Amino acid sequence: MSQGEYPVYEVFGQKDRLAFHTHVGSIRAANPEMALQMAREAFFRRETVVDIWVVPQDAIYSAAQEPAYLPQIGEDKKYRLPSGYDNAPHWKRFKARAMSIEEVAEEMTGKRG
Amino acid sequence: MDHETREALIRLITPIADDEWIVGHRGSEWLGLAPELEEDLAFSSIHQDEMGHALYLYELLHDLGEPDPDALVYARPVASWRNACFVEAANGDWAATVVRRYFYEMFDRLRLEALAHVDFTPLAHGLKKIQREEAFHLKHFALWMEMLAQGGDEARRRVIDAVAAVWPTLSDLFDWGLRDDVQAQLGLPPALALKDAWVREVRAQFQDWQLPWPGEIPTTMEHNGRAGRHTPALDDILTTMRAVRVIAPESAW
């Protein structure tokens, strides 16, 4: 390993199997395995997670460096907003009681049919 | 539970609790001084775990008729402590700390496996949680060993020097501190088997890390913590640990 500062790793934790990995902060570490160990101790001493990700910061391409890449959603793009669908309650129930995808579909088509 | 079994369990658990407590205390001495911020957090957290394990075991001892944990820690004479001299020695530099902690964690893993044979439910219950945490501790210090062993000339030299320095002080770690018949009765493997298993595991990892093997572990030791024959280092620890207690015995924490 070369001398100098350790690389920065961004840390993500997943609270349960259905949750997204959520960014919680960053740490420095000598290598990915140590980064995982440090992430566990720095961010997850008091809470349970089912998974931890560490991502080398320089592996992340950020849009903020090139403002042209940043989306500008204005009133004129209303046609892109998915209004008219009301699936949210179904998904909430799906998450809450582990229905199968078929049951969700049945429920949705049943209500509409 | 008959008197004899109770005595055997007290004699079995005391050295383990004392090891964990002293390791925890020595670990706390690095607070704010570890080589990096992240390690400072991890190192403190690991040693909090160790103190937690010790507390669990001291409470078990209390249930078996021993004084309460505070009395065991703050009022017990030095000669009644049963931790290995190996864990009471001063920390030294970071490489020496890593070497000591790696050696201890490997030993602790094998000891925990051996303890699974002991038929005492409250112990078995606590061991489950302890084992999960210790598995992480071992991985952490093994990774540090690997990084230092392969991290350039100075780191490597410091690890090799530290190994050579602690090698002659290892042997009381493997002593159960029990009479042979009691040890067999509890279902525990002999100290020699524990030591052999440790040598096998550590030697294999030393090979991976290309560290020179220091040879046989010397067995003759002037001191033996399991018999209460400690080095002056334990006095130092207890004096520091009890400083506030001595000034103000009734102070609330």
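Here are a few notes on the predicted model of chain A.

1. Start with the parts list. Chain A has 3 helices and 3 strands, and if you walk along the sequence you meet them in the pattern β-β-α-β-α-α.

2. Now for the overall spread. The radius of gyration of chain A comes out at 21 Å, while the globule rule gives 13 Å for 113 residues, so the chain is more spread out than a compact globule. Its C-alpha atoms fill a box of roughly 65 × 40 × 20 Å along the principal axes.

3. The domain assignment splits chain A into domain 1 (8–59) and domain 2 (72–112). Taken over C-alpha atoms, the centres of these two domains are 31 Å apart.

4. Next, look at the sheet. It is open, has 3 strands in the order β2-β1-β3 of chain A, and pairs them antiparallel. β2 (22–28) and β3 (51–56) of chain A are the edge strands; each has a single partner strand, so one side of each has no neighbour in the sheet. From one strand to the next, the twist averages 30°.

5. Zoom in on one pairing: β1 (residues 8–14) of chain A runs antiparallel to β2(A), with 6 bridges between them. A handy spot to check by eye is A:F12, which sits opposite A:H23 in β2(A).

6. Helix α1 (residues 32–43) of chain A lies across β1, β2 and β3 of chain A, and runs at about 115° to β2(A).

7. Finally, the surface. Buried residues are 25% of the 113 in chain A. The chain exposes about 8900 Å², with 55% of that supplied by carbon and sulfur atoms.

Notes:
Residues numbered from 1 in each chain as written. Chains lettered and ligands numbered in written order. Predicted model: local features only at pLDDT ≥ 70, side-chain atom pairs only at ≥ 80, totals over all residues. Heavy atoms only, no water. Pairing = 2+ DSSP bridges. Helix = DSSP H or I, 4+ residues; strand = E, 2+ residues; numbered from the N terminus. Axes fitted to C-alpha atoms, helices over the stretch in contact; angles between N-to-C directions. Contact = heavy atoms within 4.5 Å. Domains from an automatic or database assignment. Rg over C-alpha atoms; globule rule 2.2 N^0.38 Å. Buried < 20%, exposed > 50% of the residue type's maximum accessible area, 1.4 Å probe, protein only. Areas by Shrake-Rupley, 256 points an atom, 1.4 Å probe, with all protein chains shown as cover.
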